[in-house]
Amino acid sequence: MPKPIVFSGIQPTGRKHLGNYIGAIRQYVEGQDRGDPAIFCIVDLHAISVAYDPAELRERLYDTTAILLAAGLDPERCILFRQSDVREHAELTWLLSAVTSHGDLNRMHQFKEKSGKQRELASAALFFYPVLMAADVLAYRATEVPVGDDQRQHVELMREIARRFNERFGETLVVPEMRIPGVGARIMDLQEPERKMSTTGGTENGTILVLDEPDAIRKKLGSAVTDSGREVLRGPGKAGIANLIDILAVARGIDPSEVEREFEGKGYGDFKKAVAEATVELLAPVRERYAELRPDEAALEAALAAGAEKARAIAAGTLAEVRDRMGIGPSR
Ligand code: TRP
């Protein structure tokens, strides 16, 4: 079996949380040798689809780059780059918009949610977000897209766009498969365990950041919501405990049932302490490495530039073919 061409996009928010780390970043790191190549793109062009500050965007982009490198993405083993450095993404977005219907974009849940009550005031960029995302993946003829469950509709649309393009202009693009990370894909807010951990929708105290100091991690886990029972078990009415069981299982690389067995007959206090220590151990190396990498912006830029060069070499080939098929520019 040939190796898959893996592509994923990462938002340039520096405030990555434990859910991002477990559900996405760690999977990227572990998956970087699975892909040939594995391509990871920091999506600054997507970030401008909602209100933002230009100077802040640059800072957060460096934060994100440094977090990814600190977590173990290795520019020698994968392609890590900044979306806007490869102009082909923007161009392909426009070309693909010719085979995307307005109705499809209107049906996107994320657009409806993010545009909110003031839909008329939402940027056209937000409306076009799924087309840019399709361009990201299709430019590399990626076969596999690891993303969270919330991106399912976007991946389905990009598959449809690829199919429509091929039908209309001839077999050119690859219809990618979605891959949802298994364990730990759903780390919940520690204070409101019915909702996913999130830096935008979640609670401050219920969200562990990758860059949190050990004491902050201990404090947040110490005050995590549990229930009036005393059993360290998953089950109805035990969303808080179940979430902590998952976190400990993932941090230690064991099965949740092993966690349940280990804490049989022990109280919530001991259990929470164990979860806190395991989480500190999981994140501390990333935070320390980040502190070394983040100040050297020239080195971060150099890593991104090298990644962009490799990415461009692939995307340019696809674009030349797409343009030719569409009758854009001189015939080849
Ligand atoms: N929309 C994705 C998210 O918010 C990020 C993203 C952009 C992406 N382009 C992509 C993910 C291409 C996978 C493939 O998580």
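This is a short chat about how two domains meet in a predicted model.

Colleague: How is the protein divided into domains?
Modeller: There are two parts in this predicted model. Domain 1 covers 6-185 + 296-326. Domain 2 covers 214-291.

Colleague: How far apart are the C-alpha centres of domain 1 and domain 2?
Modeller: They lie 32 Å apart.

Colleague: And how many residues of each are in contact?
Modeller: On the domain 1 side, 11 residues. On the domain 2 side, eight residues.

Colleague: What area is buried between domain 1 and domain 2?
Modeller: About 900 Å². Carbon and sulfur atoms give 81% of that area.

Colleague: Which residues in domain 1 lose the most area to domain 2?
Modeller: Leu18, Tyr21 and Ala70. Together they make up 49% of what the domain 1 side buries.

Colleague: Switching to polar terms. How many salt bridges across the interface?
Modeller: The rule finds zero between domain 1 and domain 2.

Colleague: How many residue pairs are in polar contact, then?
Modeller: One pair between the two domains, with both residues at pLDDT 80 or more.

Colleague: Which elements give two or more residues to the domain 1 side?
Modeller: α1 (18-31) and α3 (54-71).

Colleague: Which one gives the most?
Modeller: α3, with five residues on the side of domain 1 that touches domain 2.

Colleague: What's the mix by class on that side?
Modeller: Eight nonpolar, one polar and two charged residues.

Definitions and conventions
Residues are numbered from 1 along each chain as its sequence is written. This is a predicted model: local features need pLDDT of at least 70, side-chain atom pairs count only at pLDDT 80 or more; totals for chains, interfaces and linings use all residues. Side-chain values use heavy atoms; hydrogens and water are left out. Domain bounds come from an automatic or database domain assignment. Contact means heavy atoms within 4.5 Å. Buried area is the accessible area (1.4 Å probe) that two parts lose on being put together, summed over both. A salt bridge is a side-chain nitrogen of Lys or Arg within 4 Å of a carboxyl oxygen of Asp or Glu. A polar contact is a pair of N or O atoms within 3.5 Å; within protein, one must be able to donate a hydrogen and the other to accept it, and residues adjacent in sequence count only if both atoms are side-chain atoms. Helices (H or I, at least four residues) and strands (E, at least two) are DSSP runs, numbered from the N terminus. Ala, Val, Leu, Ile, Met, Phe, Trp, Tyr, Cys and Pro count as nonpolar, Asp, Glu, Lys and Arg as charged, and the others, Gly among them, as polar.
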